[in-house]
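Biologist: Could you take me through this model slowly, giving the rule behind each word you use?

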Amino acid sequence: MALARKRATDEPIQVPDKIALSLNVNGVERRLDVAPWTTLLDALRDHLDLTGTKKGCDHGQCGACTVLVDGRRINSCLTLAVMKDGAKITTIEGLAKDGALHPLQQAFIDHDAFQCGYCTPGQICSAAGLIAEGKAKTADEIRELMSGNICRCGAYPNIVAAILQAMGRS
Amino acid sequence: MINFQYARADDVADAVRMIAADPAAKFIAGGTNLIDLMKEDVERPSRLIDISRLALKSVEETADGGLRIGALVPNSDLAYHPLVAQRYPLLASAILAGASQQLRNMASTGGNLLQRTRCAYFYDTATPCNKREPGSGCSAVNGLNRMHAILGTSEFCIATHPSDMCVALAALDAKVHVAGADGERVVAFADFHRLPGNTPQHDTNLRRGDLITAVELPAQNFAKNYSYLKIRDRLSYAFALVSVAAALELDGERIADARLALGGVAHKPWRNAAAEAALRGAAVNRATFARAAEILLRGAKGFAHNAFKIDLAQRAIVRALTQAARGTPQSQSDKKVR
């Protein structure tokens with residue numbers, strides 16, 4: 001159509017070879033070969049079969065894809081896997097230790113902090129990042145700093161209660 | 001997403017060389033806006049040059065008591081940096097008013113300046129948009145324009161610049177350090193972004209292949225009386241309808257110095273020397289604030305769905321200046337506007 005998008009040059013683009021990279025995912029060194037346009041989210045789900053991390057909007061608006069990269073929470077859908085070569089990734093699958101749930105996982109159960117559960121892996125990874133940041137002290141501050149995680153079931157009051165419990169402030 | 005090539009730059013000179021060699025390449029740092037636009041088919045680079053590992057990640061004090069912020073300092077680190085919190089709390093507040101913590105952890109200082117409008121027509125490749133496809137027309141002028149600009153618009157584009165951080169940087173007289181094919185230069189913040197005119201495809205006055213290396217803040221005395229007030233459709237994680245960066249230096253009941261900038265109303269952070277001159281030397285009261293607001297909003301023009309922004313901006317300016325004068329800046333977590 002008239003508005004078909006063009007690149008700035010008409011030169012054909014050579015499709016690049018896959019790029020080899022290594023990620024430390026949940027404490028395990030993983031090597032993979034990905035195309036440059038593979039997001040970290042797709043690398044986790046489709047290349048490493050770690051489907052706990054969810055694809056919601058795929059545009060950084062819902063937070064379902066939240067994982068921790070070198071300890072910081074980010075949207076894995078807006079991250080290229082090749083840019084994170086050598087990074088340490090923690091997903092929802094990596095939070096439980098030695099068969100015991102992470103305190104946030106237990107708190108989400110205790111407070112019934114979900115209905116359908118689709119946003120929950122992102123909520124919990126985001127909350128783990130929030131607690132590590134140490135900036136949220138009050139319920140208002142938790143709500144503000146968790147605003148990147150949408151829950152369409154509306155479990156927000158219970159999510160805030162669960163995070164307060166995990167912070168030891170319930 | 002389209003296919004593209006990927007390369008990593010080793011240093012600033014390498015990055016500038018690499019981009020000069022490929023006219024359809026783009027730099028990528030945080031990627032929060034660029035990858036989204038690539039998924040939407042709005043941006044179609046042939047190659048991404050990854051600058052995220054360059055040594056541009058420090059915040060340093062300058063000789064004159066200001067700060068030099070590396071272009072790759074993440075928005076979250078900048079907002080919580082002790083020297084920013086202490087000397088430029090207006091900037092910290094504006095950053096925390098924008099996006100989500102996940103995005104702020106990814107987004108870079110330089111990238112924040114270069115983020116593109118969130119005009120829905122710019123994102124929708126099925127509609128005409130002069131910014132995306134020069135000459136195709138503006139769908140927003142006679143379309144759904146509730147979020148759009150009221151100042152500095154043209155018949156070709158009524159998009160707004162989406163950044164909160166940039167509104168504070170404009171108010172604080174930041175300078176942008178740029179490396180390009182012809183060497184390094186410094187651009188005043190007021191000259192960095194531009195109005196749409198008849199070439200809305202250009203958001204900034206950067207030249208093709210330029211790389212932002214740092215943002216510098218001069219020494220200032222606005223750490224006590226300031227406020228960043230952002231009005232939006234939901235209380236968090238939404239773009240501004242109107243936002244106000246207000247900073248005052250008080251001398252008893254008089255205003256010794258003042259800064260005032262608006263977000264969400266124009267193609268760039270909106271500032272006007274005459275509005276600040278009207279504050280300087282004047283008494284600290286509502287009439288002074290209202291007069292400055294009127295001057296700053298002079299020439300404002302509403303479209304079918306956004307004329308409310310003119311009144312909203314007038315009142316938000318008075319409120320933000322009042323908060324600044326009282327020394328009670330708008331909280332970015334307790335959302336009650338007081």
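Biologist: What makes E3(A) and strand E5 (residues 88–90) of chain A a pair?

Modeller: Two strands pair if DSSP finds at least two bridges between them, and E3(A) and E5(A) are joined over 2 bridges in the antiparallel sense, so they meet that rule. In E5(A), A:Ile89 is the bridge partner of A:Val69. The names come from DSSP runs numbered from the N terminus, where helices are H or I runs of at least four residues and strands are E runs of at least two. I should add that this is a predicted model, in which local features need pLDDT of at least 70, side-chain atom pairs count only at pLDDT 80 or more, and totals for chains, interfaces and linings use all residues. Residues are numbered from 1 along each chain as its sequence is written, while chains are lettered from A and ligands numbered from 1 in the order in which they are written.

Biologist: Which sheet holds the strands E3 and E5 of chain A, and why are E2 and E4 said to stand at the edges?

Modeller: The sheet is an open one of 5 strands in chain A, in the order E2-E1-E5-E3-E4, and its pairing is mixed. Strand E2 (28–34) and E4 of chain A each have a single partner strand, so one side of each is left without a neighbour in the sheet. Neighbouring strands of this sheet are turned by 40° against each other on average, direction ignored, where axes are lines fitted to C-alpha atoms (for helices over the stretch in contact) and angles run from 0 to 180 degrees between N-to-C directions.

Biologist: How do you know that strand E1 (residues 19–25) of chain A pairs with E2(A)?

Modeller: DSSP gives 7 bridges between E1(A) and E2(A), in the antiparallel sense, and A:Ala20 stands opposite A:Asp33 in E2(A). The hairpin of these two strands has 2 residues between them, and A:Asn26 there takes a positive phi near 50°.

Biologist: Why is helix H3 (residues 120–133) of chain A described as largely enclosed?

Modeller: A residue is buried if 20 or more other C-beta atoms lie within 10 Å of its own, exposed if 12 or fewer, and partly exposed in between, with C-beta atoms placed from the backbone. By that rule 11 of the 14 residues of H3(A) are buried, so the helix is largely enclosed by the rest of the structure. The buried residues include A:Ile124, A:Cys125 and A:Leu130. What covers them includes helix H2 (103–110) and helix H5 (156–166) of chain A, together with helix H6 (101–106) of chain B.

Biologist: How do you know that the length of H3(A) agrees with that of a helix?

Modeller: The expected span is 1.5 Å times one less than the number of residues, and for the 14 residues of H3(A) this should be 20 Å, which agrees with end C-alpha atoms that are 20 Å apart. H3(A) is followed by A:Gly134, whose phi is positive, near 70°.

Biologist: What makes A:Asp112 worth pointing out, and is this residue buried or exposed?

Modeller: A:Asp112 has a positive phi of about 50° although it is not a glycine, and most residues other than glycine have a negative phi. A:Asp112 lies in the loop between H2 and H3 of chain A, and it is exposed because 12 other C-beta atoms lie within 10 Å.

Biologist: Why is B:Asp41 called partly exposed?

Modeller: B:Asp41 has 14 C-beta neighbours inside 10 Å, so it counts as partly exposed. B:Asp41 is found in the loop between H2 and E3 of chain B, and its phi is positive too, at about 70°.

Biologist: What makes B:Leu54 a buried residue, and what does it touch?

Modeller: B:Leu54 has 21 other C-beta atoms within 10 Å, and therefore it is buried. Residues are in contact if their C-beta atoms, placed from the backbone, lie within 7 Å; leaving aside neighbours within four places in sequence, B:Leu54 is in contact with B:Ala9, B:Asp11, B:Val12, B:Ala15 and B:Leu72. The C-alpha atoms of B:Leu54 and B:Asp11 are separated by 5.6 Å, although the two are 43 residues apart along the chain.

Biologist: How many residues of chain B are in contact with chain A?

Modeller: In chain B, 34 residues are in contact with 33 residues of chain A. H6(B) gives the most to the side of chain B that touches chain A, with 5 residues.

Terms used
Two residues are in contact if their C-beta atoms, placed from the backbone, lie within 7 Å.
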